[in-house]
Amino acid sequence: MSAETLTGVEPLAVTSSRQRRSGRGTVRRLGPLGVAAVVIVGLLVLAALLAPLIAPYDPAIGSVVERYQAPGAAHVLGTDQSGRDLLSRLLYGARTSLTGAAVVVLLAAAGGTVLALVATWFGGRVDALVGRLLDLLFAFPNLLLAILVVAVFGTGLTQAAVALAVAYVPYTARVLRSVALRERRLAYVQAAELQGLSGFVVTGRHLLPNIAPQILTGAAINFGYAMIDLAALSFLGLGVQAPTADWGLMVSQGQDSLLQGYPGQSLLAGACIVVAVAAFSVIGERLGGRRAGGRA
Amino acid sequence: MSGTTGNVIEITGLSKRFTTGRGGQRRSVDALVDVTLTVADGSCLAVVGESGSGKTTLARILVGLEGADAGQVVLAGRPVAQRPRRAERRARARDIQMVFQDPNGSLNRRRTAGSAISEVLTAHHRVRGAELRRRVDDLLDQVGLLPAHARALPGELSGGQRQRVAIARALAAEPRVLVLDEAVAALDVSVQAQVLNLLAELRRVRRLTYLFITHDLSVVRQVSEQVVVMRRGEIIERGSTERVLDQPQHPYTMLLRDSAPRPGWRPRRALGRGEPRAEDMEAAR
């Protein structure tokens, strides 16, 4: 340093800096259970991605002579009522179950975030209007709304996912609105507003990055719920259609076999759903706790 | 210069009412009632009053964050709109800037100090690249910070440093008027003194006009020539700082002055250290 002295300048802490921004804090927040949940989700995603490579059989083609086989060398987890390999169906089922939920979560997060930001930015009447709209959506039970949409637009994964996304928007929007509102009152947002910067710039540059953690944790929690609801719709025959492999559908189709003494299909698919949902919930709650922008 | 008057701020009959609740619970609060004041170019006017007296509302209307219900504001010789739109605010921001109270919330915690300053620079001036960086460093230097501070996140800075960055950000627009809304209230006394010295220096060098909003009378004497006292949205007393603080006319001003800590002042409920209290001595007997 030069001989020049700067009065009133506290020394800049250089050492403290970049650590906080690394992933170490996230791992600490997740805890051992959270890390396990992340590993489980990672394995599920891997299974879904690699299903065509690692699945021993075609999930849609069975053999009448191989019905209800017990787990063994040929079929690691046995076969279902149509003689299809259960392991292969579970692996492929991960694809539909995960992508369906992902679509729901993405659409709900996008819709909820936009509504929350619009409501907080404009405030006043716009905020009140958005509030009314959310109240209206809240009044509908999720599944009922989904059944309504499916009844109008026909069965299928896309319709079911879009309908559920609409049903999830109010949960996401409500929490994000309160978070964004608190952020909006902070001086840095006002300082940016003072410069006459546009609402898009201020919300995009300042508000959105600061509510991103809540969006993410909310999405993680919603993911679990979306899997359950999608499985329920498939179970009711309104979502994914046979012969596509899907966990919810497998639970449903396993019912008859269950009565005949072959519980394998329903139990395995049900276990997959439970494990996946639990993993997503743990991640969401560990990351965001009660402040998460998801269903409560 | 602003017209013939030499006043950079002229406020006439400014009123603002806030309404909360609806239906039967509808209540309204008069934040400003017929406020009239002028601030001479290059001077510092202190606005004092307790919380809820309307001083922050006055500041927010002045910078365009809030609209007024009635009255007129003339800024640097130009009348400003009552319900400011974006373009209007942008133009006004080059005349008047604000430094906010909260040193934690006044900077975006995910963006560096440098980006807070360059955001304002690029909003008002066509600067980029090396020129932008040079001007950020220059502004940091003016508020007594180092170029290295530009890369620091708010969490890595102390309260005083953050407030310096907020001052640099306000200066980036090259305004004539700085509204300081409790700008030193959240800082501890020694840091407060440093920031006050910095503000005095900046005013001298940049020929700035200050509207200094505070509840702290001890600060007022240090910074301002003129003072207005506000209560429930009204100006109840005004005059030179010396006169108002030494010979207050209004009972409320006297009360304000008497409730401020000063040498010899002793908080009544604090336990005396070292010497036993009379009650304790009674009890021990």
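**Group meeting: a predicted two-chain model**

Chain A has nine helices and zero strands. Read from the N terminus, its elements run α-α-α-α-α-α-α-α-α. Before going further: this is a predicted model, and the predictor gives the complex an ipTM of 0.82 and a pTM of 0.80.

Staying with chain A for a moment. There are 296 residues, and 43% of them count as buried. If you take the contacts in chain A between residues at least 6 apart in sequence, 70% join residues at least 24 apart.

One local feature of the backbone in chain A. The peptide bond from A:Ala242 to A:Pro243 is cis, and omega is near 10°. A:Pro243 sits in the loop between helix 7 and helix 8 (247-259) of chain A.

Now the core. The largest nonpolar core has 153 residues. Which residues have the most contacts inside it? From chain A they are A:Val104, A:Ala160, A:Leu164 and A:Leu230, and from chain B they are B:Val179 and B:Leu211. Take A:Ala160 as a case. Setting aside neighbours within four places in sequence, A:Ala160 is in contact with A:Ala146, A:Val150, A:Leu230, A:Leu233, A:Leu238 and A:Gly239.

Next, how the two chains meet. On the chain A side, 24 residues are in contact with 34 residues of chain B. Helix 6 (187-194) and helix 7 (199-235) of chain A each supply at least two residues of that side. Helix 6 of chain A gives the largest share, seven residues. By type, the chain A residues that touch chain B divide into 12 nonpolar, nine polar and three charged.

On to chain B and its strands. Six strands of chain B form an open sheet, in the order 6-7-8-3-9-10, with mixed pairing. Strand 6 (96-99) and strand 10 (234-240) of chain B stand at the edges, each with a single partner strand, so one side of each has no neighbour in the sheet. On average, neighbouring strands of this sheet are turned by 15° against each other, direction ignored. Helix 5 (residues 159-171) of chain B lies across strand 6 and strand 7 (177-181) of chain B, and runs at about 170° to strand 6 of chain B.

At the strand 10 edge, strand 9 (residues 226-231) and strand 10 of chain B pair in the antiparallel sense over six bridges. B:Arg231 has B:Glu234 as its bridge partner in strand 10 of chain B, and B:Val229 stands opposite B:Glu237 in that strand. The hairpin of strands 9 and 10 of chain B has two residues between the strands, and B:Arg232 there takes a positive phi near 50°.

Strand 1 of chain B has pairings with two strands. Strand 1 (residues 7-20) and strand 2 (residues 27-40) of chain B run antiparallel and are joined by 10 bridges. In that pair, B:Leu37 of strand 2 is the bridge partner of B:Ile11. Their hairpin has six residues between the strands, and in it B:Gly21 takes a positive phi near 70°. Strand 1 of chain B is also joined to strand 4 of chain B, antiparallel, by five bridges. In that second pair, B:Thr12 stands opposite B:Gln72 of strand 4.

Two more positive phi values in chain B. B:Ala76 has a positive phi of about 50° although it is not a glycine, and is found in the loop between strand 4 (70-75) and strand 5 (78-79) of chain B. Is B:Ala76 buried or exposed? B:Ala76 has 21 other C-beta atoms within 10 Å, so it is buried; the cut-off for that is 20 or more. B:Glu182, also not a glycine, has a positive phi near 50°, and its place is in the loop between strand 7 and helix 6 (189-206) of chain B. B:Glu182 has 20 other C-beta atoms within 10 Å, so it is buried too.

Last, confidence. Chain B averages a pLDDT of 85, with 89% of the residues at 70 or above. Among the elements of chain B, strand 6 has the highest mean pLDDT, 94, and helix 10 (residues 278-284) the lowest, 50. Over residues 270-274 of chain B, pLDDT stays under 50, and the model has one contact beyond four places in sequence for that stretch. Where pLDDT is low, the predicted coordinates should not be read in detail.

How values were computed. Residues are numbered from 1 along each chain as its sequence is written. Chains are lettered from A and ligands numbered from 1 in the order in which they are written. This is a predicted model: local features need pLDDT of at least 70, side-chain atom pairs count only at pLDDT 80 or more; totals for chains, interfaces and linings use all residues. Two strands pair if DSSP finds at least two bridges between them. Helices (H or I, at least four residues) and strands (E, at least two) are DSSP runs, numbered from the N terminus. Axes are lines fitted to C-alpha atoms, for helices over the stretch in contact, and angles run from 0 to 180 degrees between N-to-C directions. Two residues are in contact if their C-beta atoms, placed from the backbone, lie within 7 Å. Ala, Val, Leu, Ile, Met, Phe, Trp, Tyr, Cys and Pro count as nonpolar, Asp, Glu, Lys and Arg as charged, and the others, Gly among them, as polar. A nonpolar core is a set of buried Ala, Val, Leu, Ile, Met, Phe, Trp, Tyr and Cys residues joined through C-beta atoms within 7 Å. A residue is buried if 20 or more other C-beta atoms lie within 10 Å of its own, exposed if 12 or fewer, and partly exposed in between; C-beta atoms are placed from the backbone. pLDDT is the predictor's confidence in each residue, from 0 to 100.
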